[in-house]
Each structure stands twice: as C-alpha cells, then as structure tokens.
Amino acid sequence: MVKLTMVARVTDGLPLAEGLDDGRDQKDADFYKQQAKLLFKNLSKGQHEASRMSIETGPYFFHYIIEGRVCYLTMCDRSYPKKLAFQYLEDLKNEFERVNCSQIETAARPYAFIKFDTFIQKTKKLYLDTRTQRNLAKLNDELYEVHQIMTRNVQEVLGVGEKLDQVTEMSTRLTSDTRMYADKAKDLNRQALIRKYAPVAIVIGVVLMLFWLKNKIW
C-alpha cells in the first residue's frame, strides 16, 4: 500500500505538498521523508537519469515521475504493484497541474499547496485495495506499461557523498516541521467546518431566540 506521498519543485527541491500520515511509526516515517528530501535535493542538481524511476529503500520502493519541473513521489510496500503506483502518481500529477499550474513557479515557501493533501488522501483510498474491479482493470491495461522504468538502490542514487547517517541526523528537525504542517492542515479543516456550519448555527440561534421571546411575551 501507499505509505508516503510528496510533491516537490525540481528546480530547487522545494516541497510543495505532502500526504499527511496518521502519526504511526513516526520514527521510520521521518527517516524516509528525509530520504525523499535528499532525493529532491539531488534532482534539483540535475542528478537524475530518467523522468520515471523506482528506487529500493529498505522494505519499500520510492516511485517518482517528473513532469513540468515538478516531481511526484510516493513510497509503497515492495509487494504493491508498480503499475498501480505509477498510475496513482499520474492521477496526482493531472490534478495538481489542473489546479496549481500557474502558481508552481512563484511558490516561495515549503508546502505552499497544503490543501492538496485532501485530494491525495481521497486518491490514495482508491488505490488502497489492489483487488477492486477498478484497480484490476488498471493492472490489465496494456496501454500503460512500466517494464521499461529503471529500478535503482537508494544508496546508489544518493551517492557516496550523501551518507545515510545524514538522514538520521536531520530526522529530528523534520519531525517538528511535519507536526507544524499537520497543525496547519487541522486549522484549515477547522476553518472550513466553521465556514460551512456557522450560518446554520446562526439561523438556529435566531429561531430559538424568537421562540423564547414569544413565550416570554405571551
């Protein structure tokens, strides 16, 4: 299944959006998020050989696609079908380009498109069960082939100079960034709920007040 999803600008490695997790296995999550950020850093230096690649890392695979100077990356279990992983990324790419295309180059802060997490979560659910009729049809789609996509090891991709000790060192700092990002997402959701239900609450309050005044007068 899909464990992690991140979107970053290739020109400078700036993270643009991320699929928020539920906080379980946080230590491992931070480690692999930092690996993903190091991959983005390498990509920003032009150190990539293909616009689509799979990268082995521990018990998982990173899969990424690059298009329009944006990298869409996901991390999945080794057993998760490669074909579905790349079609998941294609769905994200299409929606991200449709909604945010004109703002990608001007984004100046990390996670400028935090609201895209909503679409990531919705799409991730569609790809959760590989045995659904929808996903089986995608697996059998002969027009979408992934056999030619290169697979490499994460240590090979990061290079000798990028020791994995760096990942461990930086994961503590990443934890606080991740929590801040999650808090911002919760605030946005809370504000959306207030905007949605506040008018209804006001109407109900006015009706109850009128009912109370009517009883007092009579």
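Two strands are said to pair if DSSP finds at least two bridges between them. With that idea in hand, the sheet of this predicted model can be followed strand by strand. Strand β4, residues 60-67, runs antiparallel to β5, and eight bridges join the two. One of the facing pairs consists of His 63 and its bridge partner in β5, Thr 74. Together β4 and β5 make a hairpin, with two residues between the strands. In that turn, Gly 68 has a positive phi of about 60 degrees.

Strand β5 has another partner to meet. Strand β1, residues 2-9, pairs with β5 over seven bridges, in the antiparallel sense. Here Val 2 is found opposite Cys 76 of β5. How many of the eight residues of β5 are buried? Seven of them are, so this strand, which spans residues 70-77, is largely enclosed by the rest of the structure. A residue counts as buried when its relative accessible area is under 20%. It also helps to keep in mind that side chains in a regular strand alternate between the two faces of the sheet.

Stepping back, we can place these strands within the whole chain. The chain contains six helices and six strands, and from the N terminus on they follow the order β-β-α-β-β-β-α-α-α-β-α-α. Of its 218 residues, 41% count as buried. The chain exposes about 12900 Å², and carbon and sulfur atoms supply 57% of that area. Contacts also reach along the sequence: among those between residues at least 6 apart, 70% join residues at least 24 apart.

The interior comes next. Which residues have the most contacts inside the largest nonpolar core? They are Leu 16 and Phe 96, in a core of 27 residues. Two or more residues of this core come from each of β1, β2 (15-18), β5, α2 (82-100) and α3 (117-126). Helix α2 gives the largest share, seven residues. Leu 16 shows how distant parts of the sequence meet: leaving aside neighbours within four places in sequence, the residues in contact with Leu 16 include Val 7, Val 70, Phe 96, Ile 104 and Ile 114. Also among them are Ala 8, Arg 9 and Tyr 111. A second core, separate from this one, has 24 residues, including Ala 36, Tyr 60, Tyr 64 and Met 75.

Note on methods. Residues numbered from 1 in each chain as written. Predicted model: local features only at pLDDT ≥ 70, side-chain atom pairs only at ≥ 80, totals over all residues. Heavy atoms only, no water. Helix = DSSP H or I, 4+ residues; strand = E, 2+ residues; numbered from the N terminus. Buried < 20%, exposed > 50% of the residue type's maximum accessible area, 1.4 Å probe, protein only. Contact = heavy atoms within 4.5 Å. Areas by Shrake-Rupley, 256 points an atom, 1.4 Å probe, with all protein chains shown as cover. Core = buried A, V, L, I, M, F, W, Y, C linked by side-chain atoms within 4.5 Å.
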